[in-house]
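Good morning, and thank you for the time. I would like to take the group through one structure, which is on the screen now.

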Amino acid sequence: MLNAPLVASRLGYPDLSGLDLLELFAFVRPAQFVVPTPKGLAHACGLPEPAGDETVPLLLQQAAEALLAMCERQDWAEREGAWSVLQSLAKMRWPWAPLLAARIVRPERAERWLFSRLPEWEEAPDRPQPAQVTLDDGAVEMRLAELTGAGAENRPAQRAYAREAAVTFAPRRREREPHVTLAQAGTGTGKTFGYLAPASLWADQSGGTVWVSTYTKALQRQLRRESRRAFPASRDGHPAVVVRKGRENYLCLLNLEDALQGGFGGRAAILAQLVARWAAFSQDGDMIGGDLPGWLGTLFRKRGITALTDQRGECVYAGCPHYRKCFIERAARDSAQAELVIANHALVMVNAARGRDIAHRPTRIVFDEGHHVFDAADSTFAAALTGAETIELRRWVIGPEGKSRGRRRGLAARLADVASYDEDGAKAIANAREAAEALPSEGWLARLQENTPSGPLEMLLSATRALIYARDESGGQDAGYGLETEAAQLDGPYVEIAVAAQEALEALRRPLVKLALRLEAIVEDPPDWLDGQARARIEGARGAIGWRTDLLAGWIALLGRLGGSPDPDFVDWLSVDRSDGREWDVGLHRHFLDPMKPFAEVVLAPAHGALMTSATLCDRSAEGEDWESAVARSGVGHLDIAPHLFAAESPFDYAAQAEVLIVTDVPKGDIAALAAAYARLISASHGGALGLFTAIRRLRAVHGRIADRLAREGLPLYAQHVDPIDTGTLVDIFRDDPHASLLGTDALRDGVDVPGHSLRLVVMEQVPWPKPSILHRARRAANGGSAFDDRIIRARLAQAFGRLIRSREDHGAFVVLSAAFPSRLLTAFPPGTPVTRLTLEEALQRVARRASPDGASAPANAAQEG
């Protein structure tokens, strides 16, 4: 079979098991891309595509034979290590092991263990600061012409964009006054090469490093591919282009070793062996969005992938036996020598806020998908004092307790040599461990629900939970959703509990600060035993301790404001997080009213230049493009500088290529009518539909009602939060099959690039109103009331519409199932796009006509409204 968990889900038979071809593919062709469908497997194995469903069983047999036969070929590139891994898999009774055993010959020499085969990274000297370079417009245009090629179409807007982007790379004139460019470039402008041209030219002339920051992993993959034209493969023995992500994205070799040596059992142990196969051939060890197949973890149901990464920041750095081969350390060192670093918004901000090495902070940054910078800053500079966060801090300080296993180690174990050498350091570690006893421990949530909290922090969380339920005004409706209340009008007993919790956190912060100072003193006046590895381990510990002390300081400040006058810069609230009717966290939250204030101070102020670019950077209202809101959301106002502004319209003919259909007769709240509308629209379009929902519950309800009906018509339907497949793989499947359709939520509204016939219909269930949270209410009041809401909605509509037309050859319809769609929101769509209000029957005729062979390229006969 192919993809057993998906087949089991579709059949309603969860215990289904057998010979899964994806597992065989992961063994034979590790680190190779394949779309996990019959068609995708056929392409990967060099077999003809299946002509129909009736030919799929034969294809699966042929694919199995092709993969098994690969193991007997002399040119099998992934032979090394296969025999050894197979012996381990055979002991685990992996179903494919007997079939592979007959095909893989035992090597004449014993195979090296994975951890001895991986290459070691090497230290490199610090690079000098970049030369002071101002780019010439003519040189920028010449570089752009080299990148696009001799046969490329003439794009004046792209050339103008590249010239404007070049300003970002000039040396700044005064401290804290970076060159900031806000560039709105419609889809099809060619903005990627538009900024890679001056970026590569500046890196070449100055010897510096450019960082390109994205919001989605899909764009990171695209940038890695397209940057090959702009940058050499390597420079002075180091890769010229490096992808950087957070530590939690990379394989932790110490976790893998623990899993291979008995830390994993059952099916998870098989997963560990297949990940070991991949690790030997991976380009960079990136497990989330890299060359590890996204479907691999979902084949094993319990998703053991995350257990093989450093999720909790527990790295022991040079204390790890695999430190010199670590994928994370290699990426960090390579990025210091690279010409282009492809990162994400969160990593850029976290590195700027917590990074200890000022010399390696980026000075020229391109924020692609710039409309998401505000949201990324909002998450980065927030504080969340919750049960889940505090128990993780306890585990980091204390280490394993009770019957817990694994390689987790507390501060005392990680810094045993320091404790034995430095008396003050040992005392600080002991005091920190004692203070951490006040933090929530295993079973904290059950104790809260039973009203039996233990310790000052659990008492605070219990009081918070009780207060939220006391203030709940929902009447018990929507019990599956979270609850929240303002951190205001708090009575005396609650404030007293908060003060006790604050004192407990301060009691933990003080010894951690003292320990950091002792570690600094050891590094500055090193003892005889402090070799290079010990120094690196202590430096890593200093960074981890600094992060935790900052975290504690944020929590302490949050508690310190309770009961007093509110701080106008912040929004504070209390929450109970729930999912499917089950509580999973309780806590207190603090967000900046304007998160671009710390962003401007931490990220923009130290930089020389920053380019923020997107197809939806500024709002488009009836009065035209609203640059005022874009400038406000860029953070430049907090530095008192004026940004460069640039705009280029999309070159697409939206009047001929697309139309917006607002359906007026699907009753709001009627799930049966909503599901029927989706089914009929997908049928009329013969698939190729992207359905966008604002609530997971409605998505699941609609999918459950229509999936079987569409399957009988030969139209596969996939869905986020339903199918046991990661989002990236769902998009790959959707892109690969023009008859498939995909339902999803916010993650599919932005960053999904499916050009061509595979995406010809986008359906939104309703207007994407902002969630009426306490944080949103505060920002709404501070930013113009309903006009603030309208800007958010128009941005979401523009992003969703942007999925539809990705090239000059694309055609399609954008359908909104909302009778009360406000006309003031219609400016979200590109100028010239036909907009029509009509019944579902009329919409079905339009969609069907576009889906027909002769209707796809015909201009829509619709009048522009609004």
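I shall go through two sheets, one pair of helices, one buried helix and two single residues, in that order.

One remark before the details: what you see is a predicted model.

I begin with the parallel sheet. This open sheet has seven strands, in the order 18-19-17-20-21-16-22, and the pairing is parallel. Which strands stand at the edges? They are strand 18, residues 717-719, and strand 22, residues 835-838; each has a single partner strand, so one side of each is left without a neighbour in the sheet. Direction ignored, neighbouring strands are turned by 20° against each other on average.

Within this sheet, please look at strand 21, residues 812-816. Strand 21 runs parallel to strand 16, residues 658-663, and five bridges join the two. Along that pairing, Val660 has Phe814 as its bridge partner, and Ile662 has Val816. Strand 20, residues 761-764, is also parallel to strand 21, and here there are four bridges. In this second pairing the bridge partner of Val763 is Val815.

How many of the five residues of strand 21 are buried? The count is five of five, and the strand is mostly covered. In general, the side chains of a regular strand alternate between the two faces of the sheet. In strand 21, Gly812, Phe814 and Val816 point one way while Ala813 and Val815 point the other way, and all are buried.

I turn now to the antiparallel sheet. This one is open as well, with four strands in the order 8-11-10-9 and antiparallel pairing. Its edges are strand 8, residues 383-386, and strand 9, residues 483-486; each of them has a single partner strand, so one side of each is left without a neighbour in the sheet. From one strand to the next, the twist averages 20°.

Strand 10, residues 570-579, and strand 11, residues 582-592, run antiparallel and are joined by ten bridges. In this pairing, Val571 stands opposite His591 of strand 11. Two helices pack on the sheet. Helix 22, residues 456-471, touches strand 8, strand 9, strand 10 and strand 11, and its direction makes about 95° with that of strand 11. Helix 32, residues 774-782, touches strand 9, strand 10 and strand 11, and its direction makes about 150° with that of strand 10.

Strand 11 also appears in the surroundings of helix 25. Which residues of helix 25, residues 596-604, are buried? They are Met596, Pro598, Phe599, Ala600, Val603 and Leu604. The elements that cover these buried residues include helix 15 (345-354), strand 7 (364-367), helix 16 (373-380), strand 11, strand 12 (609-614) and helix 26 (627-632).

Next comes the helix pair. The axes of helix 8, residues 137-148, and helix 9, residues 156-166, come within 9 Å and cross at roughly 125°. Helix 8 is therefore oblique to helix 9, and their crossing is right-handed. From helix 8, the residues Asp137, Val140, Glu141, Leu144 and Thr148 meet Gln158, Arg159, Ala162, Arg163 and Ala166 of helix 9. By class, this contact between helix 8 and helix 9 has four nonpolar, two polar and four charged residues.

I finish with two residues. Leu219 lies in helix 11, residues 217-230. Is Leu219 buried or exposed? Leu219 counts as buried because its relative accessibility is 9%, and the cut-off for buried is under 20%. Neighbours within four places in sequence aside, Leu219 is in contact with Thr214, Asp368 and Glu369. Between Leu219 and Asp375 there are 17 Å in space, C-alpha to C-alpha, and the two are 156 residues apart in sequence.

The second residue is Arg414, in helix 18, residues 411-414. Its relative accessibility is 11%, so Arg414 counts as buried too. Again leaving aside neighbours within four places in sequence, the contacts of Arg414 are Glu314, Val316, Trp396, Arg409 and Arg537. Arg414 and Arg806 are 392 residues apart in sequence and 51 Å apart in space, C-alpha to C-alpha.

Thank you for your attention.

Technical notes: Residues numbered from 1 in each chain as written. Predicted model: local features only at pLDDT ≥ 70, side-chain atom pairs only at ≥ 80, totals over all residues. Heavy atoms only, no water. Buried < 20%, exposed > 50% of the residue type's maximum accessible area, 1.4 Å probe, protein only. Contact = heavy atoms within 4.5 Å. Axes fitted to C-alpha atoms, helices over the stretch in contact; angles between N-to-C directions. Parallel < 35°, antiparallel > 145°, perpendicular 65-115°, else oblique. Left-handed = near helix turned anticlockwise from the far one by under 90°. Nonpolar A, V, L, I, M, F, W, Y, C, P; charged D, E, K, R; others polar. Pairing = 2+ DSSP bridges.
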